[in-house]
Amino acid sequence: MSWALLALCLIIPAIILSLPVKISIGAFYWDSYLYLDAQNRIASGQIPNVDFFPPVGALGYYLFYWVRLLLPDSQPMLAASWSIALVSVPLMAVVTWDSLKTNAVSALLVAMGFAFFTIIPFNTTEYYTYPGFDGFAIYNRQGSQLIYIVAAALLFMRNTWIQGLVVGLAMTILFSIKITAFLAAGLLCAYALLAGRISILSTILAGIIFAVILAVTEFSTGIISAYIGNILELVASNEEGLTGRLLQGAARTFGVGAPAALAGLLLLFAAKWQRLDHPSIWLFAAIVAGIFFESQNTGGQEVIFIIPVVIYAMLIVLRSQASPALVGILLTLGAATALPPIVQTTQHSMRAVASSLKNQVPLEHKNLKSMGDIMVRIFLIEREVELREHWLKYPDAMMHYAELGQ
């Protein structure tokens with residue numbers, strides 16, 4: 001079953017990207033434009049971070065570029081969202097393969113969560129009244145999915161060498177996608193090292209993999225130093241204080257963080273300590289990592305990487321000597337932590353699909369190519385026609401506003 005779910009993460013996107021799909025455009029579509037711009041620049045020989053200034057790392061653009069080379073007529077927003085599966089699914093497959101040796105149930109549950117958020121290219125939170133596909137926060141969704149893999153690898157993998165390989169590759173990809181996602185995952189890795197969930201040998205191997213890949217990339221392209229320079233420029237131009245951003249991140253993740261924190265507090269008394277390793281601290285670490293990551297974001301699949309932590313903690317609860325009442329409360333809190341992102345994303349996606357079927361029509365265009373593979377609401381088309389006819393009746397006023405715009 002786990003392998004079937006991971007296979008669907010590649011099969012479903014491949015089928016949909018091969019079809020002439022048009023999606024209902026949401027309120028924000030800017031990330032999709034950035035991907036298309038980067039695709040054109042890469043095709044002309046330019047290098048991200050070196051020849052142009054993207055807001056994040058270069059790898060996401062190259063993944064998108066490769067997908068579009070293979071499927072040039074694919075819907076660009078969907079191609080951008082699903083391109084991360086080229087690297088995330090193989091890593092998750094290795095995590096699943098190693099985890100199945102110890103606990104098939106946990107491996108299946110973790111694979112189910114990963115497959116859900118990989119296949120459905122939507123944010124957990126809606127920011128606009130009218131439903132539509134999320135053409136923004138694509139980097140954030142990809143970052144959350146990769147942190148999910150890191151959390152699963154730290155908690156469920158047992159082979160030292162393979163764990164080090166997966167963590168090293170995942171952290172390298174995170175660094176190359178979005179630096180704040182890399183830092184959030186780094187917090188989980190730091191606690192895993194202190195708690196003995198990842199060995200010194202695995203850590204060294206992961207560090208070597210990370211350093212070698214970045215060194216080869218730097219010496220061959222100069223991307224890494226340029227990327228770090230871009231990050232420093234962004235940090236210097238950030239006018240907002242960290243405290244306010246952290247409060248914003250805490251508010252946006254409250255629906256997940258509150259029940260997770262309550263579960264963590266109760267777990268302090270329900271689960272046994274093994275040195276520094278304890279499920280309650282894992283929950284707190286995931287909450288902190290989630291708040292930090294989301295404090296730097298606008299939209300995304302918020303704190304979905306807490307799901308492997310919840311699965312790990314609840315399995316410990318079921319094996320504990322706690323009273324039936326406490327076990328019931330903890331399982332309820334675990335469900336209250338894991339289900340909101342799933343329910344919200346499901347509702348969000350179903351609204352967008354239903355809206356596309358009900359009151360939207362394909363956009364008519366001549367020059368947009370695949371960027372125009374979208375559906376628009378009928379009343380917006382009618383409004384555009386009325387406005388055009390109105391201004392054509394008053395050519396002098398139209399010329400006046402054109403001059404003001406210049």
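Visitor: How many of the residues of α14 are buried?

Guide: In this predicted model, 12 of the 17 residues of α14 are buried, so the helix is largely enclosed by the rest of the structure. Among the buried residues of α14 are Trp282, Leu283, Ile287, Phe293 and Glu294.

Visitor: And what covers those buried residues?

Guide: The cover includes α7, α9, α12 (242-252), α13 (254-270) and α15 (306-319).

Visitor: What span should α14 have at 1.5 Å a residue?

Guide: Its 17 residues should span 24 Å, and the end C-alpha atoms of α14 are 24 Å apart, which agrees.

Visitor: Glu294 carries a charge, so what does it form a salt bridge with?

Guide: Glu294 forms a salt bridge with Arg252, and the closest N and O atoms are 3.3 Å apart. The pair links distant parts of the chain, with Glu294 in helix α14 and Arg252 in helix α12, 42 residues apart.

Visitor: Is Glu294 buried or exposed?

Guide: Glu294 is buried, with a relative accessible area of 0%, whereas Arg252, at 21% relative accessibility, counts as partly exposed because the cut-off for buried is under 20%.

Visitor: Which other residue forms a salt bridge with Arg252?

Guide: Arg252 also forms a salt bridge with Glu302, where the closest N and O atoms are 2.7 Å apart. Arg252 lies in helix α12 and Glu302 in the loop between α14 and α15, so this pair ties together parts that are 50 residues apart in sequence. Glu302 is buried, with a relative accessible area of 4%, and salt bridges that share partners join Arg252, Glu294 and Glu302 into one network.

Visitor: How many salt bridges are there in the whole structure?

Guide: A search of the whole structure finds 6 salt bridges. One of them joins the side chains of Arg197 and Asp277, at 2.9 Å from N to O. Arg197 is in the loop between α9 and α10 and Asp277 in the loop between α13 and α14, so far along the chain as 80 residues apart, and the pair links these distant parts.

Visitor: Are those two buried or exposed?

Guide: Arg197 is buried, with a relative accessible area of 16%, and Asp277 counts as buried at 7% relative accessibility.

Visitor: Switching to α9, what do its buried residues pack against?

Guide: The buried residues of α9 pack against α7, α8 (160-177), α10 (200-221) and α14 (279-295). They include Phe182, Leu188, Cys189 and Tyr191. The helix is followed by Gly196, whose phi is positive, near 80 degrees.

Visitor: What does Tyr191 touch?

Guide: Leaving out residues up to four places away in sequence, Tyr191 touches Leu276, Asp277, His278, Ile281 and Trp282. A polar atom of the Tyr191 side chain also lies 3.2 Å from the backbone nitrogen of His278. Tyr191 counts as buried, at 11% relative accessibility.

Visitor: Which residues touch the most other members of the largest nonpolar core?

Guide: The largest nonpolar core has 118 residues, and Ile147, Leu154, Leu174 and Ile306 touch the most other members. Helix α7 (residues 138-156) gives the most to this core, with 13 residues. Beyond its neighbours within four places in sequence, Leu154 is in contact with residues including Val167, Leu188, Arg197 and Trp282.

Visitor: Ile306 came up there, so which residue of α16 touches it?

Guide: Thr337, in helix α16 (residues 324-359), touches Ile306 along with Val256, Pro259, Ala260 and Val310, not counting residues up to four places away in sequence. Thr337 is buried, with a relative accessible area of 1%.

Visitor: Which side chain of opposite charge is nearest to Asp134?

Guide: That is Arg141, 4.6 Å away, and Asp134 is buried yet has no salt bridge. The cut-off for a salt bridge is 4 Å, which means that this distance falls outside it.

Visitor: What polar contacts does Asp134 make, then?

Guide: A polar atom of the Asp134 side chain lies 2.8 Å from the backbone nitrogen of Asn123, and a polar contact of 3.4 Å joins the side chains of Asp134 and His348. Asp134 itself lies in the loop between α6 (104-119) and α7.

Definitions and conventions:
Residues are numbered from 1 along each chain as its sequence is written. This is a predicted model: local features need pLDDT of at least 70, side-chain atom pairs count only at pLDDT 80 or more; totals for chains, interfaces and linings use all residues. Side-chain values use heavy atoms; hydrogens and water are left out. A nonpolar core is a set of buried Ala, Val, Leu, Ile, Met, Phe, Trp, Tyr and Cys residues joined through side-chain atoms within 4.5 Å. Buried means under 20% relative accessible area, exposed over 50%, partly exposed in between (1.4 Å probe, protein chains only). Helices (H or I, at least four residues) and strands (E, at least two) are DSSP runs, numbered from the N terminus. Contact means heavy atoms within 4.5 Å. A polar contact is a pair of N or O atoms within 3.5 Å; within protein, one must be able to donate a hydrogen and the other to accept it, and residues adjacent in sequence count only if both atoms are side-chain atoms. Lys and Arg count as positive and Asp and Glu as negative; His and the chain ends are not counted. The expected span of a helix is 1.5 Å times one less than its number of residues.
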